[in-house]
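Biologist: I would like a close look at a single part of this protein, taken slowly and set against the rest of the chain. Please walk me through what the model shows there.

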Amino acid sequence: MAFRRLRIVSGAAGVLLAASATAQGFTLTPITGQRYACTAGQVVTSAGTFPCQNVDLMSFLPLASLGGTTNSGTGTVASLATTWGWADPATGREYAIVGRSDGTAFVDVTDPLNPVYLGLLPRPA
């Protein structure tokens, strides 16, 4: 099995990114289905404008779309750690493996414009 780190650039641009449930006073919503070009250091979407550095926005999934905004069992606010990628050599499907404070979320990113949240593997008690 080979793992590779996904590149996350400038806050909101990249193949897949997860973020806090709220930022600057508004609720973050998923951005999927369309590629947004990085032009003059920013990506402009219907959900807002985000900084970028030569990386187009393929999709965006907020924390709420990756298993929820609270830690399972405790109800405290969840946080994210690192994101890794894995490609299944038998099927060619690609996955993002997202570290959360309460476990690990799995997302199918084979179609980078339409990522699919698969589930959360909880951290051992």
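Modeller: Contact here means heavy atoms within 4.5 Å. With that cut-off, among the contacts between residues at least 6 apart in sequence, 44% join residues at least 24 apart. This is a predicted model, and the part I will look at closely is strand S9 with its two neighbouring strands, before I turn to the loops elsewhere.

The protein chain has zero helices and eleven strands, and buried residues make up 37% of its 125 residues. Strand S9 covers residues 94–100 and follows strand S8, residues 80–87, with a loop between them. Six of the seven residues of S9 are buried, so the strand is largely enclosed by the rest of the structure.

On one side of this account stands the pairing with S8, which is antiparallel and runs over six bridges. Alanine 87 has glutamate 94 of S9 as its bridge partner. The two strands form a hairpin with six residues between them, and glycine 92, in the turn, has a positive phi of about 80°. The pairing with strand S10, residues 103–108, is also antiparallel and also counts six bridges, but the hairpin that joins S9 to S10 passes through two residues. In that pairing, valine 98 has alanine 105 of S10 as its bridge partner.

Those two residues also appear in the nonpolar packing, which is best described from the largest core down. The largest nonpolar core has nine residues, namely Leu28, Ile31, Tyr36, Cys38, Val43, Phe50, Cys52, Leu57 and Phe60. A second, separate core has seven residues, including Ala96, Val98, Ala105 and Val107.

The turn between S8 and S9 deserves a closer look, and aspartate 88, which is found in that loop, is a good place to begin. Aspartate 88 is buried yet has no salt bridge, the nearest side chain of opposite charge being that of arginine 93 at 7.7 Å. A salt bridge asks for a side-chain nitrogen of Lys or Arg within 4 Å of a carboxyl oxygen of Asp or Glu, so a separation of 7.7 Å does not qualify. What the side chain of aspartate 88 does have is a polar atom 2.8 Å from the backbone nitrogen of alanine 90. Leaving aside residues up to four places away in sequence, aspartate 88 touches Arg93 and Tyr95.

Arginine 93 has its salt bridge with another residue, aspartate 108, at 2.7 Å from N to O. That pair links distant parts of the chain, since arginine 93 lies in the loop between S8 and S9 while aspartate 108 lies in strand S10, 15 residues apart. The two ends differ in their surroundings: arginine 93 is partly exposed at 37% relative accessibility, whereas aspartate 108 is buried at 8%.

A further salt bridge belongs to this region, formed by aspartate 102 and arginine 100, with the closest N and O atoms 2.8 Å apart. Here aspartate 102 is buried at 6% relative accessibility, and arginine 100 is buried with a relative accessible area of 6%.

The count of salt bridges comes to three, and one of them lies elsewhere, between the side chains of aspartate 56 and arginine 35, at 3.0 Å from N to O. Aspartate 56 is in the loop between S7 and S8 and arginine 35 in the loop between S5 and S6, so this pair ties together parts that are 21 residues apart in sequence. Aspartate 56 is partly exposed, at 23% relative accessibility.

Arginine 35 leads back to the far end of S10, by way of leucine 113, which lies in the loop between S10 and strand S11, residues 116–122. Not counting residues up to four places away in sequence, leucine 113 touches Thr32, Gly33, Gln34, Arg35, Met58 and Ser59. The C-alpha atoms of leucine 113 and serine 59 are separated by 5.4 Å, although the two residues are 54 apart along the chain. Leucine 113 itself counts as partly exposed, at 24% relative accessibility.

Two loop residues complete the picture. Asparagine 54, in the loop between S7 and S8, has a positive phi near 60° without being a glycine, and it is exposed, with a relative accessible area of 73%. Alanine 40 likewise has a positive phi, near 55°, and is exposed with a relative accessible area of 79%.

Technical notes:
Residues numbered from 1 in each chain as written. Predicted model: local features only at pLDDT ≥ 70, side-chain atom pairs only at ≥ 80, totals over all residues. Heavy atoms only, no water. Helix = DSSP H or I, 4+ residues; strand = E, 2+ residues; numbered from the N terminus. Buried < 20%, exposed > 50% of the residue type's maximum accessible area, 1.4 Å probe, protein only. Lys, Arg positive; Asp, Glu negative; His and termini not counted. Polar contact = N/O pair within 3.5 Å; in protein donor to acceptor, adjacent residues only side chain to side chain. Core = buried A, V, L, I, M, F, W, Y, C linked by side-chain atoms within 4.5 Å. Pairing = 2+ DSSP bridges.
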